Amino acid sequence: MAKNAVITGWGYYAPSRVLTNADLERIVDTTDEWITSRTGIKERRIASDGETTSTMSVRAARAALEKAHLRAQDVQLVIVGTASPDYLFPATACLVQAEIGAMKAGAFDVEAACTSFISALAIARGLIVSGVYENALVIGAETLSRLLNWKDRSTCVLFGDGAGACVLEATNASVGIESTVLHGDGSKGELLMVPAGASKLPASADTIERGLHFITMAGGEVFKLAVKSMADAAEEAIAEAGLSLDDIDVLIPHQANIRIIEGVAKRLHFPMEKVFVNIQRYGNTSAASIPIAICEAEATGRLRRGDKVLLVAFGGGFTWGAAVLEWFGAHDGMRPPSPLERAAQVLEDVVERVRPA
Ligand code: COA
């Protein structure tokens, strides 16, 4: 069994269509000043007509596979974390699996709202470390613009679309994901939800008339619980990894609101200089926010080999979780050896040793 699961590839896709706060001023009764001061968001990306959660996932997945030098046909598992799938079923992961040609892979979706990516990461890591799989493609992707009520200024200014993907591979090296923690509190589910469109309230003229297919949210309640829960999960994941906060080089939080991010940093007494923030350009992309941030942190030199990285998220459900990992980075074509390759190496060594001089 492999000792660790390590991220060896990463990639993201953000739609080219940019919706600025000035654009929103023309849609709802809001101002750039209100949105910026309350959320930190300046603009967000909106999927174009032909784009969906699966098409964006495919773009992100291909970039991640290329970075990992892993062929799609060798991918063993595809997990998509999303609250805005293409369909209720089939799973978006199945659409991605077929489109990229990962025909030997298992495929399923994970829905834990904004915590979906960390949840999917935790599952993939568990399956790799326990020896079930040697690799997994973990994607966080959303097309929340399709679930927004564009007449509700309290929600439509907050969210954006996009996708991010990571390739996880088995390794015996001391790098990779060191801990994951997941939590939930279903008693607060109604504070952030899409009420209709599934088994409880199937789509009807009435549900459409009452606007029940859109995201509804009690923003203030979500805000308060998000800060405390994210800080608690961060501390738990760090302790589980046998580290202290001082060991963390980079905090990559779910990008929901700059005030939530600052609140978490303050609660942890963690310097904002070590926190990666890109919410100003994407808004809250839910499951996609952490993998997109990982990609941008790496591209801008904020993530370097050996860095201890803390990921933390909170979302509808309620759900929250965190992960600690040591960043390995690109393996420059040298993937960590698979168990089969390792076995072959051992065999070679034995043959070498017993061969007569
Ligand atoms: N533009 C202008 N005014 C707005 C507005 C907008 N886009 N949205 C809401 N308002 C108004 C409200 O109607 C309210 O007006 P009122 O006092 O006349 O009733 C006023 O602004 C204050 O609203 P309030 O809810 O107190 O603001 P806030 O400081 O709590 O900020 C959020 C609101 C939504 C930004 C904040 O609660 C938040 O970010 N919550 C967490 C949301 C989130 O991240 N969810 C996803 C979690 S993963």
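Trainee: Which residue in strand 7 is the bridge partner of Y12?

Mentor: This is a predicted model, and the pairing is read from its atoms. Strand 1 (residues 4-13) and strand 7 (residues 161-171) run antiparallel to each other, paired over nine bridges. In strand 7, the residue bridged to Y12 is G164.

Trainee: Is strand 1 largely enclosed or open, and how many of its residues are buried?

Mentor: A residue is buried when its relative accessible area is under 20%. Strand 1 is largely enclosed by the rest of the structure, because the number of its 10 residues that are buried is nine.

Trainee: How many disulfides are there?

Mentor: A disulfide needs two cysteine sulfur atoms within 2.5 Å. For C166 the closest cysteine sulfur is that of C295, and at 6.2 Å it is too far away for a bond. C295 is likewise in no disulfide. The count of disulfides is zero.

Trainee: Is C295 buried or exposed?

Mentor: C295 is listed among the buried residues of helix 11. C166 has 0% relative accessibility and counts as buried. For C295 the relative accessible area is 5%, so C295 is buried.

Trainee: How many of the 11 residues of helix 11 are buried?

Mentor: Helix 11 covers residues 289-299 and is mostly covered. Its buried residues include S289, P291, E296 and A297. The number buried is nine.

Trainee: Which residue with a positive phi follows helix 11?

Mentor: The phi of this residue is near 80°. Its C-alpha is 23 Å from that of R44, with the two positions 257 residues apart in sequence terms, and the residue is G301.

Trainee: What does the side chain of R44 reach at 2.8 Å?

Mentor: R44 belongs to strand 3 (residues 43-45). Its relative accessible area is 0%, so R44 is buried. The side chain of R44 has a polar contact of 2.9 Å with the side chain of N21. At 2.8 Å, the R44 side chain reaches the backbone oxygen of V157.

Trainee: Where is A22, and is it buried, partly exposed or exposed?

Mentor: A22 sits in helix 1 (residues 21-25). With 35% relative accessibility, A22 is partly exposed.

Trainee: Which residues come nearest to the ligand?

Mentor: The ligand has 22 residues around it. By class, nine of these are nonpolar, nine polar and four charged. The ones that come nearest are T30, R38, R153, G219 and N257.

Trainee: How far is the polar side-chain atom of T30 from a nitrogen atom of the ligand?

Mentor: Several polar atoms of the protein can be placed against the ligand. A polar backbone atom of G219 is 2.9 Å from a ligand nitrogen atom, and a polar side-chain atom of R259 is 3.2 Å from a ligand oxygen atom. For the side chain of T30 and a ligand nitrogen atom, the distance is 2.6 Å.

Trainee: What percentage of the ligand's accessible area does the protein cover?

Mentor: On its own, the ligand has 960 Å² of accessible area. The part of this covered by the protein is 69%.

Trainee: Which element gives the most residues to the shell around the ligand?

Mentor: The elements that give two or more residues are helix 2 (32-39), helix 6 (153-156), helix 8 (219-240), helix 9 (258-268) and strand 12 (308-315). The one that gives the most, with four residues, is helix 8.

Trainee: Which residue does a cis peptide bond join to F89?

Mentor: Another cis peptide bond joins G317 and F318, with omega about -15°. F318 is in the loop between strand 12 and strand 13 (319-326). The bond at F89 has omega about 5°. The residue joined to F89 lies in the loop between strand 4 (77-81) and helix 4 (92-100), and is P90.

Trainee: Is S286 buried or exposed?

Mentor: S286 has a positive phi of about 50° although it is not a glycine. It is placed in the loop between helix 10 (279-282) and helix 11. Its relative accessibility is 3%, so S286 counts as buried.

Trainee: What is the exposure class of H69?

Mentor: H69 is in the loop between helix 3 (53-68) and strand 4. Its phi is positive, near 55°, in a residue other than glycine. At 47% relative accessibility, H69 is partly exposed.

Methods
Residues numbered from 1 in each chain as written. Predicted model: local features only at pLDDT ≥ 70, side-chain atom pairs only at ≥ 80, totals over all residues. Heavy atoms only, no water. Near = heavy atom within 4 Å. Polar contact = N/O pair within 3.5 Å; in protein donor to acceptor, adjacent residues only side chain to side chain. Areas by Shrake-Rupley, 256 points an atom, 1.4 Å probe, with all protein chains shown as cover. Nonpolar A, V, L, I, M, F, W, Y, C, P; charged D, E, K, R; others polar. Buried < 20%, exposed > 50% of the residue type's maximum accessible area, 1.4 Å probe, protein only. Pairing = 2+ DSSP bridges.
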